[in-house]
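Colleague: I would like to go through the terms used for this model and see what each one rests on. Please start with the symmetry.

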Number of protein chains: 2
Amino acid sequence: MVERLNAEDREAALALLPGWVHDKAVDSIARDFRFKDFSTAFAFMAQVAMLAEKAGHHPDWSNSYNRVRIALSTHDAGGLSEKDIALALEIDRLMP
Amino acid sequence: MVERLNAEDREAALALLPGWVHDKAVDSIARDFRFKDFSTAFAFMAQVAMLAEKAGHHPDWSNSYNRVRIALSTHDAGGLSEKDIALALEIDRLMP
């Protein structure tokens, strides 16, 4: 069972993820990505899908043409956990 | 330039797409799909992405674990066009 991050650990983690916005109401983080076109956006999504499947932790996400929005939260923990931070850091590493 | 479907053509088209719900407010159609797991859901998304890229017409869609929601509308036409109907029919053909 993964535990929800306490306030101190959460703030420390968010400092490592400047591109992500914390939604306090539901304790999730989200980031918007923009690409050249649909093909490039979906190629990124395929990479994120592999990371997510490997981590056993999956995003809530949407795509519209060249835009991808990714939200992360650990539903079982009722908010942000280490799993979200780890996946967000891995997703950020995909970006040039 | 693709034209928005008139009411008669739209109703005839929607009759061919019983799984899709028409949102009258924005004149779009949407369908929810459910799969065994994330991997299966994303495999379906990859197939839809190929169809969309081939058609030069892209969905607004979201995924959460085993669920995929696809919405189709032709932004340039201000509502549903032949392109949406054609893509929806092709997506339906992916389903067993």
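Modeller: In chain A, the residue closest to the rotation axis is A:Ser62, with its C-alpha at 2.0 Å. This is a predicted model, in which local features need pLDDT of at least 70 and side-chain atom pairs count only at pLDDT 80 or more, while totals for chains, interfaces and linings use all residues. Residues are numbered from 1 along each chain as its sequence is written, chains are lettered from A and ligands numbered from 1 in the order written, and side-chain values use heavy atoms, without hydrogens and water.

Colleague: Why is the relation of chain A to chain B called that of a two-fold axis?

Modeller: A turn of 180° with a shift of 0.0 Å along the axis lays chain A on chain B, at an RMSD of 0.0 Å; the superposition is by least squares on the C-alpha atoms of residues with pLDDT of at least 70 in both copies. That is therefore the relation of a two-fold axis.

Colleague: How do you know which surface serves the two copies?

Modeller: Of the contact residues of chain A (contact means heavy atoms within 4.5 Å), 100% recur in chain B, so the same surface serves both.

Colleague: What makes the second largest pocket a pocket, and which residues line it?

Modeller: A pocket is an open set of points on a 1 Å grid over the protein atoms alone, where a 1.4 Å probe fits, with protein on both sides within 12 Å along at least five of seven lines; lining residues have an atom within 4 Å of a point. Here the lining includes A:His57, A:His58, A:His75 and A:Asp76, and from the other chain B:Ser64 and B:Tyr65. Its volume, the space filled by probe spheres set on the points, is about 210 Å³.

Colleague: And the largest pocket?

Modeller: The largest pocket holds about 250 Å³ and has 14 lining residues, with B:Gly56, B:His57, B:His58, B:His75 and B:Asp76 nearest its centre.

Colleague: What makes the angle between helix 2 and helix 3 of chain A about 145°?

Modeller: Angles run from 0 to 180 degrees between N-to-C directions, with axes fitted to C-alpha atoms over the stretch in contact. On that basis helix 2 (residues 38–55) and helix 3 (residues 82–94) of chain A pack at about 145°, their axes 10 Å apart. The contact involves A:Phe44 and A:Leu51 of helix 2 and A:Leu87 and A:Ile91 of helix 3, among others.

Colleague: How is that contact divided by class?

Modeller: There are 7 nonpolar residues, 1 polar and 1 charged; Ala, Val, Leu, Ile, Met, Phe, Trp, Tyr, Cys and Pro count as nonpolar, Asp, Glu, Lys and Arg as charged, and the others, Gly among them, as polar.

Methods: Helices (H or I, at least four residues) and strands (E, at least two) are DSSP runs, numbered from the N terminus.
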